[in-house]
Amino acid sequence: MNLRHPLLLPVAAIIVGLALAGVGLFRAAPLPLAAVPPGYVALVNQKGLLMSDFIAQTQVETSRSFAESTPAERSKVLREMIDEELLVQRALVLDLPETTNEVRGSLVSAVNAQVAAPILAYVPSDAELRAYYEKYRQNYTGPGSMNLHDLVLHIGGFENADQSPTQALADATEAVYQLRSGASLTYVMEHFGFVNSGRMDDTEQLDFAVKLHLGDKLYKTAAQMRDGEVSDPIPDTDGMHILVMVRHEFPKVVDFSAVRDRVYLDFRAAASSRVTQENLNLLRSQAQVLLAPGQSE
Amino acid sequence: MRCRGVKRAGSVAEAYTNAKVGVVQLVTDGHYRAKVVLALGVVVAIGVVALARAHLRTDRMQERLLAALPDAVAADPALVRFAVAEAKPLYARHCAACHGADLHGNAQLGAPDLTDDVWLYGDGSLYDIERTILYGARAGVSSTHDEAEMPAFGLRGVLSDSQVRSVVQYVLQLSGRPYQVEAANDGRALYFGVANCGDCHGPDARGNNDYGAPDLTRNVWSNGGDPQSLYASIYGGRHRIMPAWRGTLSLEQIRALATYVYAVSHPPDGQAGTPGGAT
């Protein structure tokens, strides 16, 4: 063998390289694990259950240290953990994140919680809290309240069965004029055929309760009225309404010192929202999202 | 002088040329070259065998380290030595930034001293330390330590500024340091009253390792124990984070780190506090 041949070494290197490549290409896939690797207590479809989790779960379920638990107790815990793992694996096979809203919600919450966890370590200063309060002071208002009469002129009812909507509106407009001119409520009700709608009970109620009772349409008008004010006629499903405000306590912005606990919690919630949104922005920047023709987001 | 100089330079060049020729002759001598190749081959083979042996031994030790229950690891000096050696570079890379290169913690970051025998969570067993490394504290995973956080009593308006200062005086009293009697008495009333500190720290102020509520009588502080730091803790609260390392580090690495921290905090002579004791 002539070691001095100039092509000998390159040829040998090529042969070795090809042999290695061949082994790599045609070698069978790694065999599944036949034994539980150290650090795990079980393998379920090749997915390991941590020994540490097993110890923790046993201690939680038995309220004793792991060393004090009996073999029967450990077996029970292990069986439950394997069952749970099987069901989790089944959920993935069934693609539950794709089809089940609760699973999707849990996954979203878990990711957001993980992203937001570090941000909550930040302790804001008093100045930062106050600045946040000033910026969002409309969120820190005490509840308003009101006491009002809600009169209705039914259209097509037994007392006004033959009255057209146009006529009802004309009557209501006249009633409003008389009320604003000082006529008594009783007189106007008797004269024009208005009745109490029954939605309000002549007591002072918090804004949200008034909104609930009157409905959005009437509440929208009531929320703007001042003490003693009479509304314009408001057509609704059951007839023509007139609102007469007796007393209206408007919502007031609460002083910072009274709401600083809420401000603190809101500040942290806002910080969490911000960081979860940043996470979403990052995910979007790395994702390929295609929209069907005609769709937009 | 000039001639002598030229002569000396000529001698050096001559000697160099002669030596070079000699080496070339030796290398080009086929017999000698075969011997050199053989010797190199033997050296390489010995190196490969030694490396393989060391690798196999490491694998075996890693397997033993993980296969044993945590308490059994703590009782095996050979495993502890192996784990400490494995853990030191890991600690330097992943943990030292917060807990310090000397493991004595960082009050600015609220990272506890790992060399003492005071534990926020659990009782300092190797198992408890490993759980904390696996899942962290307030790390946003369900197995993490997240049972409670130190409320921001001042920021949230539960306590006024002067009330916070009174509670600080009471904590100074609890931890056996000089305090102002009148303010400490007020602080004690607040501790058991509106602030309800005993709910987490206990009526005896000895803390609760389930909640991660520190023992206020030991005078050991993760966030600093001077009056100013205590004020900051009570006024602004604390929500310290430790990452969950599961998924980032292997189980073997986590076990090694837990063993390292255990060894440092449980030295054979019982004198916790010296990281050198684990070496």
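This is a short tutorial dialogue on reading a predicted model with chains A and B.

User: Before I look at any detail, how confident is the predictor in chain A, and which of its elements have the lowest and highest mean pLDDT?

Analyst: A general caution to start: where pLDDT is low, the predicted coordinates should not be read in detail. Here chain A averages a pLDDT of 90, and 94% of its residues score at least 70. Among the elements of chain A, helix H1 (residues 8-26) has the lowest mean, 78, while H3(A) has the highest, 97.

User: How many helices and strands does each chain have?

Analyst: Chain A has 11 helices and 7 strands. Chain B has 11 helices and 0 strands, so its pattern along the sequence is simply α-α-α-α-α-α-α-α-α-α-α.

User: Is chain A spread out or compact?

Analyst: A good way in is to set the radius of gyration against the globule rule. For chain A the radius is 37 Å, well over the 19 Å that the rule gives for 297 residues, so chain A is more spread out than a compact globule. Along its principal axes, the C-alpha trace spans about 125 × 60 × 50 Å. Burial can be read next to that: 15% of the 297 residues of chain A count as buried, and for the 279 residues of chain B the share is 37%.

User: Which domains is chain A divided into, and how many Å separate the centres of domain 2 and domain 3?

Analyst: Domain 1 covers 40-96, domain 2 joins two stretches, 97-141 and 254-283, and domain 3 covers 145-249. The centres of domains 2 and 3 of chain A, taken over C-alpha atoms, are 42 Å apart.

User: Now the strands. Which strands does E3(A) pair with?

Analyst: Keep one general idea in mind: in a regular strand the side chains alternate between the two faces of the sheet. In this model, strand E3 (residues 145-153) of chain A runs antiparallel to E7 (residues 239-249) of chain A, and 9 bridges join them. In that pairing, Leu153(A) has Met240(A) as its bridge partner. E3(A) also has 2 bridges to the antiparallel strand E5 (residues 205-206) of chain A, where Met146(A) stands opposite Gln205(A). Another 2 bridges link E3(A) to E4 (residues 195-196) of chain A, again antiparallel, with Val152(A) partnered by Val195(A).

User: What should I look for in the backbone angles, and where are Asp95(A) and Arg138(B) found?

Analyst: Most residues other than glycine have a negative phi. Asp95(A) has a positive phi of about 55°, and its place is the loop between helix H3 (71-93) and helix H4 (96-99) of chain A. Arg138(B) has a positive phi of about 50°, and lies in the loop between helix H6 (126-135) and helix H7 (161-174) of chain B.

User: Are these two residues buried or exposed?

Analyst: Count the C-beta neighbours. Asp95(A) is exposed, with 10 other C-beta atoms within 10 Å. Arg138(B) counts as buried, because it has 23 C-beta neighbours inside 10 Å, and the cut-off for buried is 20 or more.

User: Finally, how many residues does each chain give to the contact, and which elements of chain A take part?

Analyst: Chain A gives 19 residues and chain B gives 21. On the chain A side, the elements giving two or more residues are helices H2 (51-62), H5 (101-116), H6 (126-135) and H11 (256-286). H11(A) provides the largest share, 4 residues. By class, this side of chain A has 12 nonpolar, 4 polar and 3 charged residues.

Definitions and conventions:
Residues numbered from 1 in each chain as written. Chains lettered and ligands numbered in written order. Predicted model: local features only at pLDDT ≥ 70, side-chain atom pairs only at ≥ 80, totals over all residues. Contact = placed C-beta atoms within 7 Å. Nonpolar A, V, L, I, M, F, W, Y, C, P; charged D, E, K, R; others polar. Buried ≥ 20, exposed ≤ 12 C-beta atoms within 10 Å, placed from the backbone. Rg over C-alpha atoms; globule rule 2.2 N^0.38 Å. pLDDT = per-residue confidence, 0-100. Domains from an automatic or database assignment. Pairing = 2+ DSSP bridges.
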